[in-house]
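Let's take a walk through this fold together, starting with how its pieces pack and ending with a pocket. Have the structure open and ready to turn.

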Amino acid sequence: MNCFDVVQLQQSQIPASSEIAANAFESDPVFSCLTPDDPDLRFQALTWLTNRVMAYCKQYEHIYTTSDLKGVAAWLPPGEFSGQLRQQLKIVLQLQLYKLPMKVGWHRLRRWLNVLYTIEIAHQKDMGNALCWYLGLMVVHPAKQGQGTGSQLLQPILRRASDEGLPCYVVTFTGQAVRFYQRNGFEIAHKQKFASDAPSFWTLKRNP
């Protein structure tokens, strides 16, 4: 695959891309704790969640796919992911996180709040108020993984961040994903758990 295969995701492609992401995340250990046990309901919840993330990132026009829709890399530009109350409210409203209980069940809401809070605290510890490119979603179609697609999708912003002298930051939930990011120049900032009985998650940073 060459660089010309990487294109901006179009609004009309978000529904299909959300289904690809839902398939890829179905067995993710963290999302397994955060979404319904029933496979159909889990797929519906993951499709909704990834749809909202892509729709939110699309407004900044830094969401990339391939010409044949093998995967998606959705970025937030510097200053658009922070602990400031105004920014947090914007994210909650535009992601429609107030609908979470209806999508995943009320009994999982506490888990979600804990996950979101823990990720925000980790981000503040790792980055403080420093500007960075934040990778909000990175997914490759399960049947297309291992072909270099993910690395190619990262390149537009990795190159831009290096030119700008800015770091990149990502949160991920599997050791396989950690190794993928390490191959692309990221280093582990922290590994921790949302709770003592919860799966681990990693924060990673790529310096320019």
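Start with helix H1, residues 14-25, which lies across S3 and strand S4 (133-140) and runs at about 80° to S4. Bear in mind that you're looking at a predicted model. Now swing over to helix H8 (residues 175-183), which also packs on the sheet. H8 touches S4, strand S5 (168-172), S6 and strand S7 (200-206), and its direction makes about 5° with that of S7.

So what is the order of the strands in that sheet? Reading across, you get S1-S2-S3-S4-S5-S7-S6, an open sheet of 7 strands with mixed pairing. The edges belong to strand S1 (6-8) and strand S6 (187-193), each of which pairs on one side only. Ignoring direction, neighbouring strands of this sheet are turned by 25° against each other on average.

Strands of a sheet pair through backbone hydrogen bonds, and the pairing can be parallel or antiparallel. For one pair to look at, pick strand S2 (residues 63-66) and strand S3 (residues 71-76): they go antiparallel, over 3 bridges. If you want a spot to zoom in on, tyrosine 64 has alanine 73 in S3 as its bridge partner.

Now zoom out. The protein chain has 8 helices and 7 strands in total. Its radius of gyration is 16 Å, close to the 17 Å that the globule rule gives for 208 residues, so the chain is as compact as a globular protein of that length. Along the principal axes, the C-alpha atoms fill a box of roughly 45 × 35 × 30 Å.

Last stop: the second largest pocket, which holds about 240 Å³ of space. Which elements give two or more residues to its lining? They are helix H2 (29-34) and helix H6 (109-127), with H6 supplying the largest share, 4 residues. Among the lining residues are Val30, Cys33 and Leu34, along with Arg110, Arg111, Asn114 and Val115. Phe194, Asp197 and Pro199 are also included in the lining. By character, the lining divides into 8 nonpolar residues, 1 polar and 3 charged.

Key:
Residues numbered from 1 in each chain as written. Predicted model: local features only at pLDDT ≥ 70, side-chain atom pairs only at ≥ 80, totals over all residues. Heavy atoms only, no water. 1 Å grid on protein atoms, 1.4 Å probe; cavity = no way out; pocket = protein on both sides within 12 Å on 5 of 7 lines; lining within 4 Å. Points joined across faces, edges and corners; volume = space filled by probe spheres on them. Nonpolar A, V, L, I, M, F, W, Y, C, P; charged D, E, K, R; others polar. Pairing = 2+ DSSP bridges. Axes fitted to C-alpha atoms, helices over the stretch in contact; angles between N-to-C directions. Contact = heavy atoms within 4.5 Å. Rg over C-alpha atoms; globule rule 2.2 N^0.38 Å.
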